[in-house]
Every structure is written in C-alpha cells, then in structure tokens.
Amino acid sequence: MVGQTRNKLRGAASEPSHSLRSTQSRRRRSATGAGEPELEEEPKEEVKRPELPLPTRRGNLPGGAREYSPRRIRNLQTQNCVPVEMVTRTDLLNGRFQFLRAFLEQLWDKAQLLQKRQVSDSGAFCIAVFVAILHWVHLVTLFENDRHFSHLSTLEREMTFRTEMGLYYSYFKTVVEAPSFLQGLWMIMNDRLTEYPLVINTVKRFHLYPEVIIAFCYRTIVGIMNLLGLETKTCWNVTRIEPLNEVQSCEGLGDPACFYVGVIFILNGIMMGLFFMYGAYLSGTQLGGIITVLCFFYNHGEATRVMWTPPLRESFSYPFLVLQMYILTVILRTTNNSRRHFIALCLSNVAFMLPWQFAQFILFTQIASLFPMYVVGYIEPNKFQKIINANMISVFLCFVFMFGNPMYLSSYYSSSLLITLVIILKRNKIQRFGVSELHFWVIQGSAWFCGTIVLKFLTSKILGVSDHIRLSDLIAARILRYTDFDTLIYTCAPEFDFMEKATPVRYSRTLLLPIVLVITYFIFKKASRDILCVLCANTYLRKQLLEHGEIIFHTLQLLAFTSLAILIMRLKLFLTPHMCVMASLICSRRLFGWLFCRVRFMSLILSLVTAMSIQGYANLHNQWSIIGEFNNLPQEELIQWIKYNTRPDAVFAGAMPTMASVKLSTLHPIVNHPHYEDADLRARTKIVYSAYSRKSAKEVRDKLVELHVNYYILEEAWCVVRTKPGCSMLEIWDVEDPSNSANPPLCSVLLKDARPYFTTVFQNSMYRVLKVN
C-alpha cells in the first residue's frame with residue numbers, strides 16, 4: 001500500500017535530554033470528517049546549543065545535533081471510529097471504594113502466594129513473559145516518543161543512528177540490499193569503504209555478528225512473506241513542517257530500520273523476563289523477582305540507554321550477561337551440577353563476548369570475584385576448575401568465530417583464566433610446605449594478581465596487540481591522571497567521565513541504594529564471621545560456606561561494578577541492574593529469616609515497595625513525558641549534496657560522527673570512523689583532526705593527500721565548543737602539539753578563506769565541504 005497520504009499531528013516538543021525533558025501540553029479536537037487534521041498548541045522555538053564533538057556521544061554532537069520541530073503530518077484518507085461505552089460519574093463514585101477494597105485484598109493474597117515457594121513453574125514463566133512484554137512496550141514507546149520514528153523518512157532514520165551506531169547499521173544495510181545474503185556477507189568481510197583504500201574484514205573488526213544474524217532473519221522473513229503474497233510494509237507520504245519538503249515513510253517488518261530496532265527491543269524485553277527469574281532464584285521467592293523488576297523500572301534511566309541508542313554493542317551483548325550470571329548463580333548454588341550447566345555457561349559467555357569488545361574486561365571482573373571465594377572455600381576446587389574450563393573454551397570459540405582476532409588471547413580475562421588454572425592444579429603442592437591458612441591465601445592471591453598482569457603484557461607483546469585502547473587503559477588513565485590525544489578524546493566525553501554526584505542521590509530517592517547497603521552490610525557481617533571460622537579450621541563450618549557462595553559472589557561483583565561505574569559513568573550499565581538483582585535479597589529468608597520471625601514479612605515488603613513507588617512512578621512519568629521528533633536539516637542538506645554533486649568514488653574525511661552518517665547514507669568511501677579502538681584508525685583520525693589544530697594549512701593538506709582524501713567536511717562548532725576545561729579540540733591539540741601553541745587556530749583560518757590549499761564547494765549553517773587541492 002504505497003503512496004497513500006495521511007494527517008497525523010502529534011505533540012510538539014523541545015529538544016530532549018538524557019535525564020529530564022520538557023513536556024508539551026497537547027490539545028486536540030475531535031475530527032469532523034475524514035482526513036481532517038487534529039489541532040494542538042504551537043511549539044516554542046528553542047536555540048540549539050553546540051556540544052563537544054567526541055566519538056562516543058549519543059546523537060547530540062556538532063555536525064548532527066538533534067533538533068526537534070513540530071511533529072509532522074500524515075494525510076489520512078479514511079478514519080475509523082470505535083464506539084466506547086459511557087460510564088456515568090455517579091456509577092464510578094458508587095463503585096470506586098468497593099473496587100479499591102477488593103483490589104487491595106487481591107494484592108495481599110497474591111503477595112502471600114508469591115512469598116511462598118509453592119508457586120508453580122508455569123506461574124513464574126507467565127510472570128516472566130508478562131514483564132518481558134511490558135519492558136518491550138516501554139522501550140518501543142520511549143523510542144517512538146523521542147524520535148517520532150514511525151513518521152521519519154529512510155534518510156532521517158539513518159541520521160538518527162549517530163556516531164558508531166550509524167557505522168554498525170551501515171553493514172546491516174549492505175547485507176540487506178545485496179543481491180544475496182552470501183554476497184552481502186562477502187562485501188562486509190572485504191570492505192573498502194570504511195578505511196579507504198584499505199580492505200578490512202568488518203565482521204572481525206567491529207563485532208558484527210548481530211547485524212549478520214538480523215540481516216539473515218530479515219531476508220528470510222521478508223522473502224517468505226513475499227512468496228506468500230503478504231504485505232511486509234505500508235508506506236505513506238508524510239508532510240513535514242515548512243520549509244521541509246514531503247517525504248515517504250514506511251512501517252512494518254519490510255522496512256529494514258523498523259525490523260532492526262524491533263529485534264533489539266524484543267531482545268531487551270526478554271532480558272527483563274530473565275531479570276525476574278534471576279531475582280526470584282537468588283532470593284528464593286517470586287516476590288524477590290518482582291522487587292528486581294520494579295527496581296529496574298523505577299531506575300530505568302540509570303540502568304539502560306537502549307531506548308536512545310539501540311544499535312550500540314551493549315544493546316546486543318548485555319542481555320546475555322544477565323543470562324550468564326543467572327546460570328553461574330545456579331552452578332554456585334547447586335551441589336551436583338550436570339554437564340548441561342557448564343555447556344550453557346560456555347555458550348552464554350560466547351554470546352556475550354561476540355558482539356562487544358569490552359565484554360572480556362567485564363568477565364575478568366567476574367573471575368576476580370570468583371577467585372577469592374575459591375581461596376577462602378566458598379567454591380569447591382573441582383567445581384571452580386569446571387567453571388574455568390568452560391570460560392577457556394568460550395574464549396577459544398570466540399577466537400575462532402572472530403577469524404583469529406588476537407585480542408581474545410591477549411586480554412586480562414584470558415590471562416587470568418590461565419593463571420587461575422595453574423594455581424588450582426598446583427594447590428596441593430603449595431600446601432605441602434605447611435604454611436598457615438592465612439599465608440596460603442596471601443600466596444595464592446599474590447600469585448594470581450602478579451601472574452595475570454605479567455602474562456597479559458607478555459601475550460600482548462607476542463601477538464602485537466598492545467596498541468589497542470581497551471577499557472583497562474581508560475581506567476588506568478583515570479587513576480594515574482595520564483593524558484594524551486587518544487585518552488582525551490575518550491575521557492572528555494561525558495559518558496567516560498567520573499560518575500555524576502547526583503547519581504547516588506537518584507538511587508537513594510527510589511530506596512535502591514539504602515536497601516542494597518543494608519543487604520551488603522549483613523552479607524559482609526556473615527562473611528567475616530565465616531572467614532574467622534575457617535581460620536579456626538572448623539571443618540563443619542567450612543562445609544557450610546558452600547551454601548552461601550552465590551550471595552558472596554554477587555556482593556564481590558557489586559563492588560567491582562561500583563568501582564567501574566565511579567571511574568567511568570557509562571559503566572552504570574552494569575552497576576544499576578546488578579543493584580536491582582541484589583535488592584531481591586531483601587526477601588531472602590536465608591539472609592533475613594531472623595527478622596521475619598519478629599515482624600510481619602508482607603507488611604515490611606509492601607511498605608518498602610510503596611515507598612519506592614513514590615519516586616519510581618515520578619521517574620517513569622518523566623520518561624513517558626519525553627515527546628520529540630528528530631530533525632537535522634543541515635546534515636540532510638549535506639548528505640543530499642554529496643549524493644548528487646560528487647562522484648561515487650570521491651573520498652571524504654571529517655569528524656568521526658559525521659563520517660559514519662556519510663558512509664551509511666551516501667555509500668562514499670571514508671578514511672576515518674567512530675570505532676576508535678584500532679591503532680591505525682587512531683593515527684588516521686589524528687591526521688584528519690589536525691584541521692582543528694594550530695598546524696599550517698599546507699601541512700594538513702599534504703597529510704590528507706597521503707590518505708587519498710578528496711573532500712574534507714569542516715564543522716564550525718568543533719572550532720570553539722568544549723564541555724569542560726581542557727576538552728575543546730584546540731586545547732587537546734595544545735597538549736599533543738605544544739610546539740605550535742603560538743600559531744593561530746587553523747580552523748579559523750579555513751573558515752575565513754580556505755585557499756589556496758582548499759576550495760569551499762558547499763556550506764550551510766553547520767557544515768563546510770572543502771575540496772582538497
């Protein structure tokens with residue numbers, strides 16, 4: 001059904017932010033005829049603020065800053081009206097309190113039932129399915145409200161995938177639009193557009209298995225529906241606010257962008273069902289699972305950003321970490337583990353590591369949490385060895401699937417696994433020296449720590465991957481206050497800054513932080529008592545340690561995630577959900593059985609939930625109030641000009657976020673992109689960014705010619721803007737290139753007159769395209 005038109009005017013909005021966004025009140029009058037538009041208030045004009053151009057920011061960077069305009073119009077030919085049964089005000093008043101009383105009685109009965117373990121597996125599965133669907137609806141609603149995605153054209157949808165998101169989506173688009181799936185796969189495994197003129201395997205470099213799998217599913221489903229003669233999408237002519245012209249917008253499974261983000265939201269919806277089962281299993285009661293889910297929803301803005309940045313690697317990877325930790329919890333608690341538990345652990349590790357290059361560091365913190373438990377005696381040596389073996393097999397599988405990517409063998413994670421295995425095998429030999437229990441612990445801990453670091457650096461040198469920036473390098477730069485061009489590019493971005501001081505306050509308002517602190521206190525109190533008993537060599541109490549291993553593991557993992565989140569704000573992704581899982585332990589009788597014997601269990605839990613819900617509902621309401629629409633006219637003009645005024649083989653250079661959009665929407669070759677981890681790419685980007693330094697125009701031109709660049713996209717905002725002291729491009733270059741600190745900024749020179757080394761061939765309010773002479 002292509003070419004129809006419809007009117008659909010929705011709420012106007014100002015530019016939304018990550019935390020609290022302004023809400024526009026909306027007024028509509030009922031339609032009096034087919035195709036008549038609804039009326040609403042006229043939005044207020046807002047001044048767009050430029051922000052620092054850094055590679056990992058979410059869609060509000062110079063060169064692609066998001067603007068929001070009044071929501072666009074779709075012209076409907078027909079309108080369906082559904083009669084609604086009217087209920088009088090008197091009837092509502094008569095039945096309101098009777099209904100409320102019955103509702104509270106049912107809620108109390110359900111809570112009593114959930115508190116017991118006798119709840120059937122089918123009932124727990126139904127609850128998990130329900131919360132999964134609820135989270136999926138929540139994500140879809142927030143995403144649509146934020147961008148008005150259903151009314152955007154194909155080009156506008158591509159522009160919403162900013163920075164590295166656009167890069168990842170471009171490979172999905174390549175596979176989908178190729179003559180066949182295998183041809184598309186060959187194209188992205190032999191890509192010349194991303195780092196021209198180099199040929200790179202983008203599946204290996206950018207962890208693109210999610211895009212490959214989703215593209216295969218898309219081609220299969222759409223192909224089957226086309227064979228059956230079923231429509232896969234509906235297209236509309238969308239009228240935009242002047243001076244923008246009319247565009248075509250398509251919805252349905254047949255639209256690649258809709259299918260792509262739909263799969264991501266389904267996966268993260270399923271993740272919420274896993275959280276329910278995870279919390280229920282850890283706490284020993286279904287009510288604990290519900291506490292986990294409520295905490296996640298009430299702290300949703302701190303727990304995930306998938307609704308704002310769907311294509312990021314964490315959106316695909318993190319749900320499998322939830323599954324992996326759930327399986328590990330089952331292994332730690334179960335006395336006699338079957339082989340299928342360790343196979344499931346291995347496969348979930350692979351699914352977590354394949355989409356995301358940072359996943360290995362998170363698994364390293366997991367080994368660092370498990371090893372002290374093994375040393376003290378919370379894990380049996382035989383079981384711990386099987387866990388290590390499963391992890392080592394998963395590393396080998398990822399190494400094979402990623403075409404021999406050496407990063408899997410040179411990480412702290414793989415080094416810690418090998419050292420841990422050696423310590424387990426040599427444990428009995430060390431014990432023969434007759435050292436005390438405490439000294440034995442110190443020897444094992446020191447051997448593990450030093451051995452992991454030494455082996456990591458040895459493997460990095462041998463395999464030649466020491467030039468990759470990793471999460472550990474950024475953390476070291478934070479702690480040691482080391483700065484250079486590469487680390488500043490990262491650490492000047494807000495998501496790589498220290499945790500905001502307001503974050504603990506937001507945790508406290510929903511009672512998440514106080515609850516977790518209380519739980520952690522009692523766990524540490526119990527653990528310290530257990531350790532003292534072990535040092536006294538009480539064999540009976542040593543065996544009792546095995547019954548509480550999973551609780552100690554989650555506490556140590558919480559400490560690791562807290563440290564990471566304090567150093568790098570983006571890693572709240574791991575801290576907040578883990579706090580939600582830990583909050584389920586408030587319902588654990590193993591931990592608080594002594595308290596439940598003195599107070600009414602259900603009264604205490606319902607009081608906590610009620611207190612949490614006050615701020616929690618306010619947080620949800622703030623998210624639901626975000627109403628906006630993506631609109632970036634300057635970038636749209638730039639892309640249209642590139643499409644129709646340059647050769648298909650013309651090579652472009654510029655800011656990393658903009659290059660991702662150019663590559664995605666124009667399919668022109670580029671020389672740099674936002675995936676900044678590779679050393680060669682960092683060297684290329686440094687040359688490209690020298691246009692914002694104090695170097696001479698001739699020197700910059702000559703370097704660009706060596707990279708085969710034909711056009712350079714200069715963005716004025718990058719010349720002046722900074723998010724904090726020391727973080728403007730000019731200040732970063734002054735740190736990197738102090739010898740030229742007395743020279744005038746090259747960017748200002750090029751904006752006044754780019755000749756003779758460059759020629760301005762296009763410009764608008766945000767971009768200037770300079771032809772390299």
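Tutor: Angles under 35 degrees between two axes count as roughly parallel, angles over 145 as roughly antiparallel, angles from 65 to 115 as roughly perpendicular, and the rest as oblique. The axes themselves are lines fitted to C-alpha atoms, for helices over the stretch in contact, and the angles run from 0 to 180 degrees between N-to-C directions. Before we apply this, note that the model is predicted, that local features need pLDDT of at least 70 and side-chain atom pairs count only at pLDDT 80 or more, while totals for chains, interfaces and linings use all residues. Residues are numbered from 1 along each chain as its sequence is written, and side-chain values use heavy atoms, with hydrogens and water left out.

Student: Why are H9 and H24 called roughly antiparallel to each other?

Tutor: Helix H9 (residues 286-298) and helix H24 (residues 572-583) pack at an angle of about 150 degrees, with 7 Å between their axes. Set against the cut-off of over 145, that angle makes H9 and H24 roughly antiparallel. The names come from DSSP runs, numbered from the N terminus, in which helices (H or I) have at least four residues and strands (E) at least two.

Student: Why are H4 and H8 called oblique?

Tutor: Helix H4 (residues 163-177) packs against H8 at an angle of about 125 degrees, the axes being 11 Å apart. The classes for parallel, perpendicular and antiparallel end at 35, cover 65 to 115, and begin over 145, so 125 degrees falls among the rest and the pair is oblique. Two values were quoted for each pair because packed helices are described by the angle between their axes and the distance between the axes.

Student: What is the hand of the crossing of H4 and H8, and what is that of H9 and H24?

Tutor: The crossing of H4 and H8 is right-handed, and the crossing of H9 and H24 is right-handed too. The term applies if the near helix is turned clockwise from the far one by less than a right angle, whereas an anticlockwise turn gives a left-handed crossing.

Student: What makes Arg 157 and Asp 255 a salt bridge?

Tutor: A salt bridge is a side-chain nitrogen of Lys or Arg within 4 Å of a carboxyl oxygen of Asp or Glu. The closest N and O atoms of Arg 157 and Asp 255 are 2.9 Å apart, and the pair therefore meets the criterion. Since Arg 157 lies in helix H3 (residues 154-160) and Asp 255 in the loop between strand S4 (247-251) and H8, the bridge ties together parts that are 98 residues apart in sequence. A search of the whole structure finds 23 salt bridges.

Student: Why does Arg 157 count as buried?

Tutor: Buried means under 20% relative accessible area, exposed means over 50%, and partly exposed lies in between, with a 1.4 Å probe and protein chains only. Arg 157 has 2% relative accessibility, so it is buried, and Asp 255, at 5%, is buried as well.

Student: How do you know that Arg 313 and Glu 211 form a salt bridge?

Tutor: Their N to O distance is 2.6 Å, to be set against the limit of 4 Å. The pair links Arg 313 in helix H11 (residues 313-333) with Glu 211 in helix H7 (residues 209-227), 102 residues apart. Arg 313 is buried at 2%, and Glu 211 is buried at 1%. Helix H11 also holds Glu 314, which is 256 residues from Arg 570 in the loop between helix H23 (549-567) and H24. The side chains of Glu 314 and Arg 570 meet in a salt bridge at 3.3 Å, and both residues are buried.

Student: What makes the nonpolar surface patch with Val 129 and Trp 136 a patch?

Tutor: Patches are made of residues with over 30% relative accessible area and no salt bridge, like charges being joined within 9 Å and nonpolar side chains (Val, Leu, Ile, Met, Phe, Trp, Tyr) within 5 Å. Val 129 has 32% relative accessibility, so it is partly exposed and passes the area cut-off of over 30%. The patch covers about 690 Å² and includes Phe 125, Ile 133 and Ile 270. Helix H2 (121-147) and helix H8 (256-283) are the elements giving two or more residues to it, with the largest share, six residues, coming from H2.

How values were computed:
Accessible areas come from the Shrake-Rupley method with a 1.4 Å probe; for residues, only the protein chains shown count as cover.
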